[in-house]
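The following exercises are to be worked with the sequence and the structure at hand. Each task is followed by a solution in steps.

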Amino acid sequence: MGVPEKLAERMSMAEQHEYLRARFSRRTMIRGGAVTLGAVAGGAFVPGAPARAAVPDRHSAPAAATVDGAHVAPFGRHLAWGNDPRTEVTVSWQVPVAVKKPFIRIGAHPWDLSRRIEAEVRTLYTPAGVGASGDYTQYYLHARLTHLRPGRTYYYGVGHQGFDPAEPHLLGTVGTFTTAPAHKAPFTFTAFGDEGVGYHGLANNSLLLGQNPAFHLHAGDIAYADPSGAGKTADTGFDARTWDSFLAQTETVAKQVPWMPAYGNHDMEAWYSPNGYGGEDARWTLPDNGPDRKNLPGVYSFVYGNTAVISLDANDISFEIPANLGISGGTQTAWLEGRLKKFRAAKDVDFIVVFFHHCAYCTSTAHASEGGVRQEWVPLFEKYTVDLVINGHNHQYERTDVIKAGEVAKKLPIGGTAYPETDGVVYVTAGAAGRSLYAFSAPDTYEGHEHETDSVASFVNTKDGKVHETVGWSRVRYLDYSFLRVDVSPAPRGRQTTLKVSGIAETGDRIDHFTVSRTAK
């Protein structure tokens, strides 16, 4: 028994497949309005929550009107891990106008996208008069996938009524992602901060894809829709449409590499909620294991292989840009210590990598170092022997020696090795993803162009303002566009496992490399 002839004449191939599956499959059940789907290569896929809106509190969005879905193509696809990268991924995307019945198709092969799952819609309305924006509504869609199989590659396509990625002429829109392996295995990840929209961000993205990373960390100041960056409603120049350009720019990478952001000062878009993160909530679905989803949506953690990664929100402790200073009431720092303690004791975690926006240690003439980070978090990094700290905020590349108690515990030349169990912590500023560059007060010094400098004049932002300091920990400085590559190599218990960290210039040249090594559990 097939599709009735008259009905088949009005249905596409994909719709006929869906009709037959819905009618005859024993795995399809309707319970309380939710569709429970059968397994695809051993994994079940769960639809997201109902549609919700993130809008300025004092405005109401106009009623959304839909158009013929056949004339609308999704764009800006970006992935994110769930709480467990082995089994959970969220696929997010955007449409330029309201569409009917958005969904995701997913399967174990590109020709088998039989599982169709409803997507969650988050509507973000920006009224005219907010910055430089006109009366503008953005439509973000999210599909949370759970119960996936570890170490598997899945194929997916996103669509809506009138646009079905299973149609033969739309198969070119199909993307892929690969879940984290069940056991320790070598992998690579990349990182940078302060990207924005433009040629240099696009160039860095093309190089990122060539590294074949398992995931990418974005250390804040993502799109720069708010160019002022003070986190206040008085900020000028805000344009919500910048996000459309940004998500289109990053799609080549982010549609297949989970793109994990931390939030910086330019990501506090004050019009959307009291803490400025309502817009971010519309655009991203991140792990929800942080201490406070309402006030700190960019604070979370995940474990990939033998490496734990922690994302923090330094706006909460920033003396320099205090718009959100103290929003967590200390809960973020308490949560951080709990995470560090848990991960350091976990038998399957060797390395801990922490990333956030404001720099703990940097000699840029623009923002330099953040005293709030040094006061609140650096003691915890040292107590729990964090292996690598990645920051943005300053638009350049800078890497420290090994630091403990604010001093150089061990010089770490290019090509050197740090042992955090005994030495201290290494900090990298990787804020040259795409925005205009800053400056150093000392000469550049990088791989192949070393310029030894015993001390560098700088400053730290404190609650009482800027305090000048002369530091000896600035080991590598590179004033051009770049990003970070980290290669993780597990080892048997009792042997040395390593993080091999490389600074990569926009040209593809290596500007720095060093190793972090510790005894595998």
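A residue is called buried under 20% relative accessible area, exposed over 50%, and partly exposed in between (1.4 Å probe, protein chains only). The model is a predicted one, in which local features need pLDDT of at least 70, side-chain atom pairs count only at pLDDT 80 or more, and totals for chains, interfaces and linings use all residues. Residues are numbered from 1 along each chain as its sequence is written, and side-chain values use heavy atoms, with hydrogens and water left out.

**Exercise 1.** Determine whether aspartate 221 is buried or exposed.

Solution. Step one: locate the residue. Aspartate 221 occupies the loop between strand S13 (215-218) and helix H4 (242-254); helices (H or I, at least four residues) and strands (E, at least two) are DSSP runs, numbered from the N terminus. Step two: apply the cut-off. Aspartate 221 has a relative accessible area of 1% and is therefore buried. Step three: inspect the backbone. The phi of aspartate 221 is near 55°, a positive value in a residue other than glycine.

**Exercise 2.** Check the span of helix H3 (residues 199-210) against its expected value.

Solution. Step one: the expected span is 1.5 Å times one less than the number of residues. Step two: for the twelve residues of H3 this gives 16 Å, and the end C-alpha atoms are 17 Å apart, which agrees. Step three: Gly201, Ala203, Asn204, Asn205 and Leu208 are the buried residues to consider in H3. The buried residues of H3 pack against elements including strand S12 (187-192) and strand S28 (482-489), where contact means heavy atoms within 4.5 Å.

**Exercise 3.** Which parts of the chain does the salt bridge of glutamate 251 with arginine 77 tie together?

Solution. Step one: a salt bridge requires a side-chain nitrogen of Lys or Arg within 4 Å of a carboxyl oxygen of Asp or Glu. In this pair the closest N and O atoms are 2.7 Å apart. Step two: glutamate 251 lies in helix H4 and arginine 77 in strand S4 (residues 75-81), so parts that are 174 residues apart in sequence are tied together. Step three: glutamate 251 and arginine 77 are both buried.

**Exercise 4.** What is the average pLDDT of the chain?

Solution. Step one: pLDDT is the predictor's confidence in each residue, from 0 to 100. Step two: the chain averages 89, and 87% of the residues score at least 70. Step three: over residues 5-53 the pLDDT is below 50. Where pLDDT is low, the predicted coordinates should not be read in detail.
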